[in-house]
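Biologist: I would like to learn how to read a model like this one, feature by feature. Where should we start?

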Amino acid sequence: MSKERGHPGDAARRVQNAVLRKVVETMDPKSKNIVFHQGTVTREDREQRLGQRGCVLWFTGLSGSGKSTIAHAVELRLFQLGHLCQVLDGDNIRHGLCRDLGFGATDRTENIRRIAEVAKLSTEAGLVVSTAFISPFRADRDQARTVIGSERFLEVFLDVPVDECERRDPKGLYAKVRRGEIPEFTGISSPYEAPVSPELTIPTAGMSIDESVDQVVAYLQGRGFLSSPGRESER
Ligand SMILES: Nc1ncnc2c1ncn2[C@@H]1O[C@H](COP(=O)(O)OP(=O)(O)OP(=O)(O)O)[C@@H](O)[C@H]1O
Ligand SMILES: [Mg+2]
């Protein structure tokens, strides 16, 4: 199956998404009686305290490509180095903030919009945020990049063939899809649009979790997001 084409209704979905995004982009707050309050402690103050720069590692890839596994492993590695991180993980968020959303194209777009706004707030607190969502639509990820700010948005593509993801099937979802129990499953019956120029591509097939984490951490260090080795190691 092509990663980019091949599903009936793709064109209609793209149009629907484009319209929805336009609405969201141009949407003013509902109330006219709200005024932005500028805080006194700045993001830079918080970043200096933490010895890191706030950013978002936006993991994207098929179900089973390793988003949750690597996001949490990166968090652990960085935490052990004395950094402060946060993981926003698909299923967890759908238990709360996004519990009202399903997996249709419009709900997927709204899901990503909310995550991007939450991730942005966390980067303003100085955190290294990892998001672990399939986020199959390129335009939604681009929208997240716009919301968060391109210089802090690091798209990490876990490039794993669907066959390998199905072989792993850590949640038994592919088996359910094959039994016809899940409609609109990304990579099978719903499209996945691979990133065009992600900051980082990790083909996790045939790679250990540690090696994948090494790549992410090296990238963050290379880009200067981890400005000190971490507070713990300074003690
Ligand atoms: N190098 C690797 N990196 C990450 N995961 C790997 C790697 N090698 C094998 N795996 C395995 O692949 C599986 C990835 O599952 P995981 O739940 O992290 O995927 P996911 O992308 O979060 O899926 P979903 O979108 O359904 O939440 C795990 O069982 C993990 O142990
Ligand atoms: Mg996951």
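Biologist: Start with the ligand. How do the residues of the shell around ligand 1 divide into nonpolar, polar and charged?

Modeller: Keep in mind that this is a predicted model. The shell around ligand 1 holds six nonpolar, 11 polar and three charged residues. In total 20 residues surround the ligand, and the closest are S63, G66, K67, S68 and T69. Two elements give two or more residues to this shell, namely α3 (67–80) and α9 (209–222).

Biologist: Which element gives the most to the shell around ligand 1?

Modeller: That is α3, with four residues. The helix also lies across β1, β2, β3 and β4, and its direction is at about 170° to β2.

Biologist: Then the sheet is next. What is the order of the strands in the open sheet?

Modeller: The general idea is that strands of a sheet pair through backbone hydrogen bonds, either parallel or antiparallel. Here five strands form an open sheet in the order β2-β3-β1-β4-β5, and the pairing is parallel. At the edges are β2 and β5 (200–202), each of which pairs on one side only. From one strand to the next the twist averages 20°.

Biologist: Over how many bridges do β2 and β3 pair?

Modeller: Over five bridges, in the parallel sense. To locate one of the pairings, take Q86, whose bridge partner in β3 is V129.

Biologist: How many helices and strands does the whole protein have?

Modeller: The protein has 10 helices and five strands. It has 235 residues, of which 34% count as buried. Of the contacts with a separation of 6 or more, 80% are between residues 24 or more positions apart.

Biologist: Now the interior. Which residues have the most contacts inside the largest nonpolar core?

Modeller: In soluble globular proteins, nonpolar side chains tend to be buried together. The largest nonpolar core in this model has 40 residues, and V56, L57, W58, F59 and V156 have the most contacts inside it. Elements that give two or more residues to this core include β1 (55–60), α3, β2 (85–89), β3 (128–132), β4 (153–158) and α9. The helices α5 (105–124) and α6 (138–148) also do so.

Biologist: Take one residue of that group. What does L57 touch, leaving out residues up to four places away in sequence?

Modeller: L57 touches V74, S130, L154, V156 and V216.

Biologist: What about C165: is it buried or exposed?

Modeller: Count its neighbours. C165 is classed as buried because it has 24 C-beta neighbours inside 10 Å, and 20 or more are required for that class. The residue lies in helix α7 (residues 162–168). Leaving out residues up to four places away in sequence, C165 touches L62, S63, G64, S65, V160 and G187. S65 is 100 residues from C165 along the chain, yet their C-alpha atoms are separated by 5.8 Å.

Biologist: One backbone item remains. Which residue in the loop between α7 and α8 (173–178) should I look at?

Modeller: Look at D169, which is found in that loop. D169 has a positive phi of about 30° although it is not a glycine. With 15 other C-beta atoms within 10 Å, D169 is partly exposed.

Biologist: And where does E184 lie?

Modeller: E184 lies in the loop between α8 and β5. Its phi is positive, about 55°, and E184 is not a glycine. E184 is partly exposed, because 17 other C-beta atoms lie within 10 Å.

Notes:
Residues numbered from 1 in each chain as written. Chains lettered and ligands numbered in written order. Predicted model: local features only at pLDDT ≥ 70, side-chain atom pairs only at ≥ 80, totals over all residues. Near = placed C-beta within 6 Å. Nonpolar A, V, L, I, M, F, W, Y, C, P; charged D, E, K, R; others polar. Core = buried A, V, L, I, M, F, W, Y, C linked by C-beta atoms within 7 Å. Buried ≥ 20, exposed ≤ 12 C-beta atoms within 10 Å, placed from the backbone. Contact = placed C-beta atoms within 7 Å. Pairing = 2+ DSSP bridges. Axes fitted to C-alpha atoms, helices over the stretch in contact; angles between N-to-C directions.
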